[in-house]
There are 2 protein chains.
Amino acid sequence: MTEPRRESISADELRIWRNYIETAELLRARLERRLQSDSSLSSGDYGVLLALSEADQHTLRSSDLAAVVGWERSRLSHHLGRMEKRELICRSPSAEDTRGSEIRLTEMGATAFRRGSVPHLRAVQDLFLEALTPEQLVGVESMTDSLRAYLEPET
Amino acid sequence: MTEPRRESISADELRIWRNYIETAELLRARLERRLQSDSSLSSGDYGVLLALSEADQHTLRSSDLAAVVGWERSRLSHHLGRMEKRELICRSPSAEDTRGSEIRLTEMGATAFRRGSVPHLRAVQDLFLEALTPEQLVGVESMTDSLRAYLEPET
DNA sequence: CCCCGTTAGTTGACGCGTCAATCAAATGTA
DNA sequence: TACATTTGATTGACGCGTCAACTAACGGGG
């Protein structure tokens, strides 16, 4: 039995794909909107504040922060600029490495994070966890693991 | 037996959630990048071009186009502005309804779409379909259906 | 016919993300 | 020490998305 030539995408596959990607996008948008109206934070803000909240001294080197949230430096830099304007964080030059910059959570930032945290988790519950059976959740995990395995290699 | 008070999110649930949303985002970004480098189109461009390609006369009223791609009018208007600059589409006032505007696919647009289409489907195959077993694909469909059911109601 | 509410579409402001360029400090190497 | 390379971070340009404000035309009720 010969390896069959790879078929082009079937209608079923295409439908599943479209539903998957559109649903993920819809979910993301809904969650974003909830977070925004609950706490005036974007999901980006939230991730940064979370990372800083958990950090020693509520402070991280910029590149460490980038690693934690998984962003490119450029993106982080732009985002921190916006967050600094709102006084959610502040930047100061690093002592050990003069090139570097230290990002510290401000009082306002800590407060905003606390205010946003519970409603955000609630939204995850309402919009995602609540919708799925335990079996489906297990299926989701299996799926994401498989996708990751295919996606990770690519830089 | 009383309805138990809703528990807060468990570590497992949170992990599954994070993996789900991050993977979806990673996948989206990869696909976007592939489409961009294969054909200089964004996924937004692609959706618009697809809709117009399938339309009678390669032409749609702006609001109909918005309905097909599922976007707000404002977003569509901005996007069409950018696409018009690149001469992928052109806009002309509508005859029946003077308020309206008709969007027509240009030759360049049709060509760009044809050029992007095959590589795009290939990318969906490579980055998504290929990664999952048939059982997982079925699971994905079940999951998206459940999520939709929870998400749709909200306007 | 005139007014009013609805509908079609555009615009501007602003936040977000990516890419490529830049700059300075740190580090490795001759 | 001197010079090239790498690394940490910022910047500017530009596309993308949302929100709110706006313009203009349609359509119905008086």
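Helices (H or I, at least four residues) and strands (E, at least two) are DSSP runs, numbered from the N terminus. Keep that in mind for the element names on this tour.

What you have open is a predicted model, in which local features need pLDDT of at least 70, side-chain atom pairs count only at pLDDT 80 or more, and totals for chains, interfaces and linings use all residues. Residues are numbered from 1 along each chain as its sequence is written, chains are lettered from A and ligands numbered from 1 in the order in which they are written, and side-chain values use heavy atoms, with hydrogens and water left out.

**Stop 1: chain A on its own**

Select chain A and colour it by secondary structure. You'll find 6 helices and 3 strands. Walking from the N terminus, the order is α-α-β-α-α-β-β-α-α. The radius of gyration (over C-alpha atoms) is 20 Å, well over the 15 Å from the globule rule for 155 residues (2.2 Å times the number of residues to the power 0.38), so chain A is more spread out than a compact globule. Along the principal axes, its C-alpha atoms fill a box of roughly 65 × 35 × 25 Å.

Switch on a surface: chain A shows about 9,100 Å² of accessible area (Shrake-Rupley, 1.4 Å probe). Carbon and sulfur atoms own 51% of that. Of the 155 residues, 42% count as buried (under 20% relative accessible area, 1.4 Å probe, protein chains only). As for contacts (heavy atoms within 4.5 Å), take those between residues at least 6 apart in sequence: 50% of them join residues at least 24 apart.

**Stop 2: DNA strand C**

Now select DNA strand C and the residues near it (a heavy atom within 4 Å). There are 22 residues around this strand, and A:Ser74, A:Arg82, B:Ser63, B:His78 and B:Arg99 come nearest. On the DNA side, sugar and phosphate make up 61% of the strand C atoms within 4 Å of the protein.

Which elements supply at least two residues each of the surface near DNA strand C? Pick α4 (73-85) of chain A, plus α3 (62-69) and α4 (73-85) of chain B. The biggest giver is α4(A), with 5 residues. By residue class, the surface near strand C has no nonpolar, 12 polar and 10 charged residues (Asp, Glu, Lys and Arg being charged).

Zoom in on some polar contacts (pairs of N or O atoms within 3.5 Å). A backbone N or O atom of B:Ser63 sits 2.6 Å from a phosphate oxygen of strand C. For the bases, show the side chain of B:Arg99, with a polar atom 2.8 Å from a base oxygen, and then A:His78, where the side-chain-to-base-oxygen distance is 3.2 Å.

**Stop 3: DNA strand D**

Hop to DNA strand D. Of the 22 residues around it, A:Ser63, A:His78, B:Ser74, B:Arg82 and B:Thr98 come nearest. Sugar and phosphate account for 63% of the strand D atoms within 4 Å of the protein.

Here α4(B) gives the most to the nearby surface, with 5 residues. For close-ups, a polar backbone atom of A:Ser63 is 2.5 Å from a phosphate oxygen of strand D. Two side chains address base nitrogens of strand D: B:Ser74 at 2.5 Å and A:Arg73 at 3.1 Å.

**Stop 4: B:Ser117**

Last, select B:Ser117 in helix α5 (residues 107-127) of chain B. Buried or exposed? B:Ser117 is buried, with a relative accessible area of 16%. Add B:Leu50 to the selection: the two are 67 residues apart along the chain, with their C-alpha atoms separated by 8.8 Å.

Conventions
Polar contact = N/O pair within 3.5 Å; in protein donor to acceptor, adjacent residues only side chain to side chain. Buried < 20%, exposed > 50% of the residue type's maximum accessible area, 1.4 Å probe, protein only.
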